[in-house]
Amino acid sequence: MYTQFDEKGKIFTNVVTKKPVQVIIQTTAQRIRGEVHVRPNMRLLDALKEEGEFLAVTGATVFGPDGRPLYTGRFLSVNQSHIVWVLPVEEMGEAGGKE
C-alpha cells in the first residue's frame, strides 16, 4: 500500500474506488439481496475470485426458504464456501422469458 506523510506527520493513503453492484446471492440455506462493491474496471466474477474466504455485502437482506425477510443489516460477511450462485440484479430476466 502506498502512503504519504505531510509535514505534520498526518498519513494519507490512496483511496480505492469501487462501484456497488446489486446482487442476489443464494447460499446453502438462505437467499441474500444486497450490494457487492467491485472496482470499475473489473467484472463481478473477478471480484468474487479476488475477495478471499469472505464476501462483503452491504445493505443486505437475508431471506428464509419461504421468501420472507429474516434479517437486514448495513453489512454482512458471507463465507464464500457457502455460496451456490450469485446473480447481478441488472442482468435479471423474467422467469419463463426467452433468453
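What share of the contacts in the chain with a separation of 6 or more comes from residues 24 or more positions apart? The answer is 42%, where a contact means heavy atoms within 4.5 Å.

Before you click around, note that this is a predicted model, in which local features need pLDDT of at least 70, side-chain atom pairs count only at pLDDT 80 or more, and totals for chains, interfaces and linings use all residues. Residues are numbered from 1 along each chain as its sequence is written, and side-chain values use heavy atoms, with hydrogens and water left out.

**Stop one: the whole chain.** Switch to cartoon view and you'll have 1 helix and 7 strands to look at. Going along the sequence, they come as β-β-β-β-α-β-β-β. Both kinds of element are DSSP runs numbered from the N terminus: helices are H or I with at least four residues, strands are E with at least two. Now turn on the surface: the chain exposes about 7,700 Å², and carbon and sulfur atoms supply 52% of that (Shrake-Rupley method, 1.4 Å probe; for residues, only the protein chains shown count as cover). Of the 99 residues, 23% are buried; that label means under 20% relative accessible area, while exposed means over 50% and partly exposed is in between (1.4 Å probe, protein chains only).

**Stop two: the sheet.** Here 5 strands make an open, antiparallel sheet, ordered S6-S5-S4-S3-S7. Select 69-79 and 83-88 to light up the edge strands, S6 and S7, each of which pairs on one side only. Two strands count as paired if DSSP finds at least two bridges between them. On average, neighbouring strands in this sheet are turned by 30° against each other, direction ignored (axes are lines fitted to C-alpha atoms, for helices over the stretch in contact, and angles run from 0 to 180 degrees between N-to-C directions).

**Stop three: S3 against S4.** Select residues 19-27 and 31-38: these antiparallel strands, S3 and S4, are joined by 8 bridges. Pick out Val 21 and you'll find Val 36 of S4 standing opposite.

**Stop four: the charged pairs.** Side chains of opposite charge can pair when their charged atoms come close. Searching the whole structure turns up 2 salt bridges, meaning a side-chain nitrogen of Lys or Arg within 4 Å of a carboxyl oxygen of Asp or Glu.

- Show Arg 43 and Asp 46: their closest N and O atoms are 3.0 Å apart. Asp 46 counts as partly exposed because its relative accessibility is 27%.
- Then show Arg 68 and Asp 66, which meet at 3.3 Å, N to O. Arg 68 is exposed at 58% relative accessibility, and Asp 66 is exposed at 52%.
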